[in-house]
Amino acid sequence: MKGITVTERTLSIIKPDATKRNLTGQINAILEEGGLRIVAQKRIQLTLAQAMEFYSVHRERPFFGELCEFMTSGPVLVQVLEGEKAISRNREIMGATNPADADAGTIRNRFALSLTENSVHGSDAGDTAAVEIGFFFAGIELVG
């Protein structure tokens with residue numbers, strides 16, 4: 001129906017390559033300027049076990065080990081974003097997973113170093129977002 005907005009929540013992770021380069025403020029500014037609101041946020045250091053559990057959907061893929069090693073190589077900023085169609089909006093703002101394919105001005109176009117070190121993660125669907133948010137945050141921490 002016309003005029004109805006769909007407010008969603010999605011998980012966003014600013015990855016170790018971006019936290020090492022002190023890009024969290026710039027990335028958050030891009031997300032907020034894009035219409036998303038940060039309703040929960042924390043800086044953490046993932047253990048290998050946590051990374052393997054979080055990315056378990058990729059366990060059989062050849063890049064799984066490299067991904068988990070990378071995600072534990074430094075601190076990450078995990079956060080919950082909220083807004084109209086937040087999942088698709090966040091993915092649009094992030095850009096294509098491969099920075100070589102990312103549109104100009106997107107986070108990955110501007111900041112990613114490689115396919116692995118691509119600066120950000122975002123949920124790909126509503127059911128995934130719910131699971132991913134629950135992995136990092138208790139309901140009481142969502143204060144938007």
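Reply: Before we start, one term: two residues are in contact when heavy atoms of theirs lie within 4.5 Å. The structure above is a predicted model.

Me: Okay, let's try that out. Which residues is Val76 in contact with, leaving aside its neighbours within four places in sequence?

Reply: Quite a list: Ile13, Ile14, Lys15, Pro16, Thr19, Lys42, Arg43, Ile44, Leu46 and Met71. Val76 itself lies in strand E3, which covers residues 76–84.

Me: And is Val76 buried or exposed?

Reply: The idea is to look at relative accessible area: under 20% is buried, over 50% is exposed, and anything in between is partly exposed. Val76 comes out at 0%, so it is buried.

Me: How far is Val76 from Leu113?

Reply: Here you compare the chain with space. The two are 37 residues apart along the chain, and their C-alpha atoms are separated by 16 Å.

Me: Thr19 was on that contact list. Where is Thr19 found?

Reply: Thr19 sits in helix H1, residues 16–20. With a relative accessible area of 7%, Thr19 is buried too. If you skip residues up to four places away in sequence, Thr19 touches Ile14, Thr24, Arg43, Pro75, Val76 and Leu77.

Me: What does the side chain of Thr19 reach?

Reply: For this you look for N or O atoms within 3.5 Å of each other, one able to donate a hydrogen and the other to accept it. The side chain of Thr19 reaches the backbone oxygen of Pro75 at 2.6 Å.

Me: Now backbone angles. Which sign of phi should I expect in most residues other than glycine?

Reply: Negative, as a rule of thumb for most residues that aren't glycine. Asn22 goes the other way, with a positive phi of about 60 degrees although it is not a glycine. You'll find Asn22 in the loop between H1 and helix H2 (24–33). Its relative accessible area is 63%, so Asn22 is exposed.

Me: What is phi of Ser119 near?

Reply: Near 75 degrees, again a positive value in a residue other than glycine. Ser119 is in the loop between H6 and E4. Its relative accessible area is 0%, so Ser119 is buried. Its side chain reaches the backbone oxygen of Phe111 at 3.3 Å. Among the residues Ser119 touches, beyond four places away in sequence, are Ile13, Asp17, Arg21 and Ala112.

Me: What about Thr116, where is its place?

Reply: In the loop between H6 and E4. Leaving aside neighbours within four places in sequence, Thr116 is in contact with Lys15, Glu66 and Phe70. With Glu66, the two side chains make a polar contact at 3.2 Å. Compare that with Glu53: it is 63 residues from Thr116 along the chain, with 18 Å between the C-alpha atoms.

Me: And Ser114, where is that found?

Reply: Ser114 is in the loop between helix H6 (107–111) and strand E4 (120–122). At 26% relative accessibility, Ser114 counts as partly exposed. From C-alpha to C-alpha, Ser114 and Thr97 are 9.4 Å apart, with their positions 17 residues apart in sequence.

Me: Let's zoom out. How many helices and strands does the protein have?

Reply: Seven helices and four strands. Reading from the N terminus, the elements run β-α-α-β-α-α-β-α-α-β-α. The radius of gyration is 15 Å, close to the 15 Å that the globule rule gives for 144 residues, so the protein is as compact as a globular protein of that length. Along its principal axes, the C-alpha trace spans about 45 × 35 × 30 Å.

Me: How many of the 144 residues count as buried, as a percentage?

Reply: 43% of them. As for contacts, take those between residues at least 6 apart in sequence: 78% join residues at least 24 apart.

Me: Last bit, the surface and the charges. What do carbon and sulfur atoms supply?

Reply: The protein exposes about 7600 Å², and carbon and sulfur atoms supply 51% of it. For the charges, count the side chains of each sign and compare the centres of the two sets. There are 15 positive and 18 negative side chains, and those centres lie 3 Å apart.

Terms used: Residues are numbered from 1 along each chain as its sequence is written. This is a predicted model: local features need pLDDT of at least 70, side-chain atom pairs count only at pLDDT 80 or more; totals for chains, interfaces and linings use all residues. Side-chain values use heavy atoms; hydrogens and water are left out. Helices (H or I, at least four residues) and strands (E, at least two) are DSSP runs, numbered from the N terminus. Buried means under 20% relative accessible area, exposed over 50%, partly exposed in between (1.4 Å probe, protein chains only). The radius of gyration is taken over C-alpha atoms; the globule rule is 2.2 Å times the number of residues to the power 0.38. Accessible areas come from the Shrake-Rupley method with a 1.4 Å probe; for residues, only the protein chains shown count as cover. Lys and Arg count as positive and Asp and Glu as negative; His and the chain ends are not counted. The place of a charge is taken as NZ of Lys, CZ of Arg, CG of Asp or CD of Glu.
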